[in-house]
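Reader: I am new to this structure and would like a close look at one buried side chain and what surrounds it. Please then carry on to other parts that help me read the model.

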Protein chains: 2
Amino acid sequence: MSKTSIDASRLLGRLAELGAIGRDADGRLVRLAASDADKLGRDCLVAWIEAAGLELAIDRIGNIFGIWVPDGTRDRAPLLLGSHIDTVIDAGIYDGCYGVLSALEVIETLKASGFAPSRPIAVAAFTNEEGVRYAPDMMGSLVYAGGLDAETALATTGTDGSLLGDELKRIGYAGDRKPGFLTPHAYIELHIEQGPVLEREGLSLGAVENLQGISWQRVTIEGDANHAGTTPMTMRRDAGHASARVITFLRERAMASNTPTVATVGCMEFQPNAINVIPSKAIFTVDLRDPDEDRLREEEAALARFLESLSAEEQVAISVQRLARFEPVKFDERIVATIETAARARALPCRRMTSVPATMPR
Amino acid sequence: MSKTSIDASRLLGRLAELGAIGRDADGRLVRLAASDADKLGRDCLVAWIEAAGLELAIDRIGNIFGIWVPDGTRDRAPLLLGSHIDTVIDAGIYDGCYGVLSALEVIETLKASGFAPSRPIAVAAFTNEEGVRYAPDMMGSLVYAGGLDAETALATTGTDGSLLGDELKRIGYAGDRKPGFLTPHAYIELHIEQGPVLEREGLSLGAVENLQGISWQRVTIEGDANHAGTTPMTMRRDAGHASARVITFLRERAMASNTPTVATVGCMEFQPNAINVIPSKAIFTVDLRDPDEDRLREEEAALARFLESLSAEEQVAISVQRLARFEPVKFDERIVATIETAARARALPCRRMTSVPATMPR
């Protein structure tokens with residue numbers, strides 16, 4: 001069976017062309033959502049969609065769709081491919097754009113090849129994925145999926161004081177379609193890896209099978225702020241030392257397990273934070289992640305048990321505040337297997353992977 | 001042998017009287033060096049010195065001396081007793097004042113008892129021990145001992161912009177004696193304990209046999225600021241985790257040793273200090289103390305060895321900056337033994353202790 005191939009130079013050329021739009025005085029790529037630069041990027045994408053003969057649709061939150069509707073498929077739910085074209089400050093040219101432009105490339109290639117799909121295939125570019133100018137991030141897809149109503153999203157005030165709704169109107173991308181008007185049969189997003197695994201292992205592709213569950217907690221440990229010089233080691237209630245024991249516990253537990261569990265203490269504060277005073281308080285965050293909900297719960301429980309014994313051993317008071325909690329998501333096995341099969345057929349080295357939300361809960 | 005006793009109610013009365021001078025609007029005791037409140041406290045002390053029939057002497061840095069010169073002892077080096085009467089903000093009434101007023105009490109008692117010492121006995125109140133208004137602390141005794149020349153000390157600008165020399169003149173305590181004019185045969189200072197040991201052990205007295213050596217270092221650990229979600233545990237260079245290992249190492253080592261070594265990590269900073277980012281940098285202080293110089297050096301060396309192996313194990317860069325280093329001081333064994341003997345004779349429970357500098361190097 002002969003294989004249809006995309007036009008790699010066309011795809012790379014478009015990535016370069018889109019990546020040249022929105023450069024600041026220092027040459028950094030900055031196309032914040034609904035900005036003038038975003039408008040130029042959108043105009044570029046829309047021109048390619050129209051040149052490819054796709055149906056253009058823009059919904060009220062500014063999500064852009066290019067829909068290929070082969071004869072006789074209009075009543076069928078489409079396959080949706082896509083990502084986003086807004087950027088962070090000083091972005092790379094592939095983040096988001098690769099997913100949108102590869103989707104367009106695939107559709108154009110299939111269309112030109114005479115392939116007759118059984119359902120429409122559409123490319124989507126979702127508004128404000130990055131959330132730099134307007135919170136929350138992943139806003140366009142959130143509204144699309146019904147997680148946030150369009151009115152609320154459009155009334156969001158940006159970091160520059162602007163309203164998203166006003167800005168979308170100003171740049172000409174306040175569409176008239178109702179968000180979610182297109183209900184896909186399936187959704188696939190191609191994205192560059194934002195972790196180190198594929199590069200370190202020398203692999204071309206990752207078939208993402210699930211999304212990490214996330215547990216964020218803030219731990220506060222309270223001891224006694226005694227003098228570093230006059231307080232014998234045995235008489236100390238050292239909140240700093242107790243917090244260090246939590247860090248090493250989490251690390252050793254995660255390293256000893258043969259699971260994808262990751263545990264991170266990213267924020268740390270000592271009080272009074274003086275060189276000659278035993279810390280009376282340590283406040284730190286614990287970020288636990290696992291693609292399996294049962295295991296994530298067990299990790300949370302293990303931490304809770306450790307904190308309880310630590311409190312007794314170190315004679316410190318410990319309180320825990322939950323900051324965020326997201327259950328893992330398992331992707332459709334048929335799609336994951338299809339990606340693996342396609343990679344194998346082209347001899348592209350591929351492994352299954354766990355993904356994290358494109359950006360983090362705040 | 002009958003025992004001479006001080007007049008406890010006179011001593012406690014004077015402590016209360018001096019402790020009432022310098023109360024702020026909130027009732028807090030505040031007699032910063034060379035302030036109006038300090039002048040009132042000094043006037044009170046001088047009146048008691050004169051009423052006791054002692055020779056009053058004030059040196060150029062404002063140190064106050066009350067000298068009892070029994071007949072035939074003028075050529076002999078005096079026994080010097082004392083402390084300070086300046087305070088921190090919101091001080092207790094005993095810190096410093098107890099040493100000065102108990103010295104005066106002892107001299108008055110001995111004088112009245114007909115005791116004929118073989119040398120003069122003097123009480124001293126040293127200027128600016130606390131260092132709150134003028135740095136460095138322990139200034140009056142430092143100048144007295146020749147560690148700092150009087151001109152430099154008098155030219156010190158305070159936190160309020162004033163010059164110490166001007167302020168001493170203004171309050172009438174810029175004396176004419178050359179600092180160090182009185183070379184003592186021995187010096188003894190009574191002070192309330194600033195640690196928890198005596199109270200916890202139910203003891204009345206500590207016979208201080210030495211002064212801790214102090215080693216202050218700042219340690220900086222540098223790793224990689226990777227994403228908490230996408231970086232497997234085995235691929236991390238986590239500066240925060242490495243810093244936690246230093247804290248637990250120091251604690252476990254100090255607890256395992258049967259020595260008075262104390263080790264404290266009082267300051268800690270993570271960078272970038274974000275919940276979902278592995279710390280790329282941890283900056284913390286290490287406060288090591290030991291009354292024995294060889295042991296203090298061994299503790300420093302053990303830390304250096306640990307940091308070296310940690311750097312290799314955790315794949316992090318570690319640098320160390322020395323902030324302060326003071327060698328331990330061993331007090332005269334004859335005086336320590338005399339204090340112990342006197343306590344035993346009065347059935348006062350007493351133990352040998354290590355002291356720390358009244359305030360810390362900055």
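Author: In this predicted model, a polar atom of the side chain of A:Arg42 lies 2.7 Å from the backbone oxygen of A:Gly62; a polar contact is a pair of N or O atoms within 3.5 Å, where within protein one must be able to donate a hydrogen and the other to accept it, and residues adjacent in sequence count only if both atoms are side-chain atoms. A:Arg42 sits in helix H2 (residues 36–51) of chain A; helices (H or I, at least four residues) and strands (E, at least two) are DSSP runs, numbered from the N terminus. A:Arg42 counts as buried because its relative accessibility is 3% (buried is under 20% relative accessible area, exposed over 50%, partly exposed in between, with a 1.4 Å probe and protein chains only). Leaving aside residues up to four places away in sequence, A:Arg42 touches A:Gly62, A:Ile64, A:Ile85, A:Thr127, A:Leu168, A:Ile171 and A:Tyr173, contact meaning heavy atoms within 4.5 Å.

Residues are numbered from 1 along each chain as its sequence is written, and chains are lettered from A and ligands numbered from 1 in the order in which they are written. Local features need pLDDT of at least 70, side-chain atom pairs count only at pLDDT 80 or more, and totals for chains, interfaces and linings use all residues, while side-chain values use heavy atoms, with hydrogens and water left out.

A second buried residue is A:Thr285, with a relative accessible area of 6%. A:Thr285 belongs to strand E12 (residues 281–290) of chain A, and its side chain reaches the backbone nitrogen of A:Cys267 at 3.1 Å. Beyond residues up to four places away in sequence, A:Thr285 touches several residues, among them A:Gln217, A:Arg218, A:Cys267, A:Leu323 and B:Ile275. From A:Thr285 to A:Gly180 there are 105 residues in sequence and 36 Å in space, C-alpha to C-alpha.

The contact with B:Ile275 leads to the two chains. A turn of 180 degrees and a shift of 0.2 Å along the axis lay chain B on chain A with an RMSD of 0.1 Å (superposed by least squares on the C-alpha atoms of residues with pLDDT of at least 70 in both copies). That is the relation of a two-fold axis. The C-alpha of B:Ala244 is the one in chain B nearest the axis, 2.2 Å from it. Both copies use the same surface, as 100% of the contact residues of chain B recur in chain A.
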